[in-house]
Amino acid sequence: MVDEKAVTEPIPSVRAVGFWAPVQRWASLHEPVGWPDPRALVHPGWERDRRAAIVRYLRKGSVVARYAGFSYCRFPGCTTPETAMGDADLSDGFACWPEGLAHYIEQHDVRLPEELVQRMEARSFAAPEPQRESLVVEHRWWLDWAAANTPAPVPAPDALSFEEAARLVERLRTPLFAPCLRDGHGRWRVGLDEARVEYLPPCSAADLRRYLLSRRRVPSDAYLSAAQANRISKEVFGSSRRRPQVSRTICLMRAPPDRWFIRSGTIQEEQPRLDELGWRFTLECFRDAQPQASALDEALRRGVAGTGCQ
Ligand SMILES: [Zn+2]
């Protein structure tokens, strides 16, 4: 028998908090851009009296997700082993945080949003109730708070103006991809849809294009075929051996209908299929690719706090 309640009841959502910009690798597509650097949130006197209760509360959240690897402390020189930073996300039904968050509060004086502490206080800092298994984690609240409470990043030397960036966003719109760009706290706030927001440091046209193309979706009736894509590639690259080649099949594996494989030299990657505009932009990025990391890579690796870290 179908459990009607289980089918019709909406999946509860919780607010992400305490997720940090990666320092060892570029953010994957699954990690929102704009997660802060905890070093920009160090306040030694924060919640001195209730700090221990906050740390205890954070350690007692219910496990809602567990990962195949351990987290790591973002503070250089910290000797806490990765196994102590945890491999899970915890929740109290209001927020969702990584298991290692308590470490940052206890050992590095990192502060958290007041609203979260008020929630803990309303529960007398008691252990939260066990949570349901399915939760939707919303990142917007944390990203907006982090942008408002950490120093603005240093713009790239060749950064576009906000107006130029907004024009580029406009050009890459499709019926399935209509991001909304706003100027916020010295960053560009990109509303990807009603629920998803990300923050970019002001960056060059090439970096903004690369970012937008990695998230852009194209209606299927606008997809190029592999043959069309390869004709355009030849037009842009001539017969260079670096010419990116598109294929729908690789090593006997067929790509799903909305994806294809791109090969350029020794690089081989799967990505969403594109329309002509998206493909021409991608080819330009291949053509202009520099061997060193781009300015956006650098800015994201430093975290949105830029050089203002404490
Ligand atoms: Zn640490």
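Colleague: Which residues does Ile105 touch, not counting residues up to four places away in sequence?

Modeller: Keep in mind that this is a predicted model. Ile105 sits in helix α3, which spans residues 101-108. Leaving out residues up to four places away in sequence, the list for Ile105 is Arg51, Ile54, Val55, Leu58, Val110 and Leu112.

Colleague: How are α2 and α3 oriented, roughly parallel or roughly antiparallel?

Modeller: Helix α2 covers residues 51-59, and it packs against α3 with the axes 8 Å apart. The angle there is about 160°. Anything over 145 degrees counts as roughly antiparallel, so α2 is, relative to α3, roughly antiparallel.

Colleague: What is the make-up of the contact of α2 with α3, by class?

Modeller: From α2 come Arg51, Ile54, Val55, Leu58 and Arg59, while α3 brings Leu101, Ala102, Ile105 and Glu106. Sorted by class, that gives 6 nonpolar, no polar and 3 charged residues.

Colleague: Which residues touch the most other members of the largest nonpolar core?

Modeller: That core has 39 residues. Two of the names we've already met in the helix contact, Leu58 and Ile105. The residues touching the most other members are Val17, Leu58, Trp97 and Ile105.

Colleague: How many residues are in the other core?

Modeller: This one lies apart from the largest nonpolar core. Among its members are Tyr223, Ala229, Val246 and Trp260. Its count is 9 residues.

Colleague: And what percentage of the protein's residues is buried?

Modeller: The protein has 310 residues, and its secondary structure comes to 10 helices and 13 strands. Buried residues make up 30%.

Technical notes. Residues numbered from 1 in each chain as written. Predicted model: local features only at pLDDT ≥ 70, side-chain atom pairs only at ≥ 80, totals over all residues. Axes fitted to C-alpha atoms, helices over the stretch in contact; angles between N-to-C directions. Helix = DSSP H or I, 4+ residues; strand = E, 2+ residues; numbered from the N terminus. Parallel < 35°, antiparallel > 145°, perpendicular 65-115°, else oblique. Contact = placed C-beta atoms within 7 Å. Nonpolar A, V, L, I, M, F, W, Y, C, P; charged D, E, K, R; others polar. Core = buried A, V, L, I, M, F, W, Y, C linked by C-beta atoms within 7 Å. Buried ≥ 20, exposed ≤ 12 C-beta atoms within 10 Å, placed from the backbone.
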